[in-house]
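Grab a coffee and work through these exercises with the model open beside you. Try each task before you read its solution.

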Amino acid sequence: LPNLQIKANLTNQQGIELNSQITVREDAIQGRLTLEDIAFNDSNPLQLALQDWPSTATIKEGSIGSQIDFTLPQSGPIQLALRSHSSDLQASLNHSQLHTLNLQLSAELELQPSNNWQATLNNGQLRGTLNQLSDPSVRVQQIQAQADFTGQISANQLTVNFAKNTAFSAS
């Protein structure tokens, strides 16, 4: 069935929506999975949907979303491209209050299928800002971070290499 196209949309009762577009070709299966933006408006749809959500983590406002592009070739490495973001999150983690957290994360992954699988992480980028961190032991007004990274992943090891332009600042 060359060039078969499949589209599916899954939505749960909390409004979490996952869309998929998949194309089956003779030499590979390609597709995109999109977690549509989840809005946190005085409630946490993830906490309602996931029974094991940690009780010490709450998200009150903002949004998150993610997208994965994939290629599963007949032979050779599986290729994944990930893009994820959060916008204007207001959250608490343990006893820390996070105010206006914005994150952008992207990376490419090549997975070598075998009994002893290995993956190569390329073009990783993390960009983030946090306007305020309140904790019983520390108070920070502004945190900014940026990192470019690569890495290797196997069943029993993770190695991440950060580029020289990696930066972190807090005030």
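Two strands count as paired if DSSP finds at least two bridges between them. Keep in mind that this is a predicted model.

**Exercise 1. Work out how S5 is paired with S6, and find what sits in the turn.**

Step 1: Count the bridges. S5 and strand S6 (residues 96–112) are joined by 14 bridges and run antiparallel.

Step 2: Pick one bridge to look at. Ala81 has Glu108 in S6 as its bridge partner.

Step 3: Check the turn. Two residues lie between S5 and S6 in this hairpin, and Asn94 in the turn shows a positive phi of about 55 degrees.

**Exercise 2. Now do the other side: how does S4 pair with S5?**

Step 1: Strand S4 (residues 57–73) pairs with strand S5 (residues 78–93) in the antiparallel sense, over 13 bridges.

Step 2: For a sample bridge, go to Thr71, whose partner in S5 is Gln79.

Step 3: Look between the strands. The hairpin of S4 and S5 has four residues there, and Gly76 takes a positive phi near 100 degrees.

**Exercise 3. Decide whether Asn19 is buried or exposed, and find its side-chain polar partner.**

Step 1: Locate Asn19: you'll find it in strand S2 (residues 17–24).

Step 2: Apply the cut-off. Buried means under 20% relative accessible area; Asn19 has 15%, so Asn19 is buried.

Step 3: List the contacts. Beyond its neighbours within four places in sequence, Asn19 touches Ala8, Asn9, Arg32, Leu33, Thr34 and Glu36.

Step 4: Find the polar partner. The side chains of Asn19 and Glu36 make a polar contact of 2.6 Å.

Notes:
Residues are numbered from 1 along each chain as its sequence is written. This is a predicted model: local features need pLDDT of at least 70, side-chain atom pairs count only at pLDDT 80 or more; totals for chains, interfaces and linings use all residues. Side-chain values use heavy atoms; hydrogens and water are left out. Buried means under 20% relative accessible area, exposed over 50%, partly exposed in between (1.4 Å probe, protein chains only). A polar contact is a pair of N or O atoms within 3.5 Å; within protein, one must be able to donate a hydrogen and the other to accept it, and residues adjacent in sequence count only if both atoms are side-chain atoms. Contact means heavy atoms within 4.5 Å.
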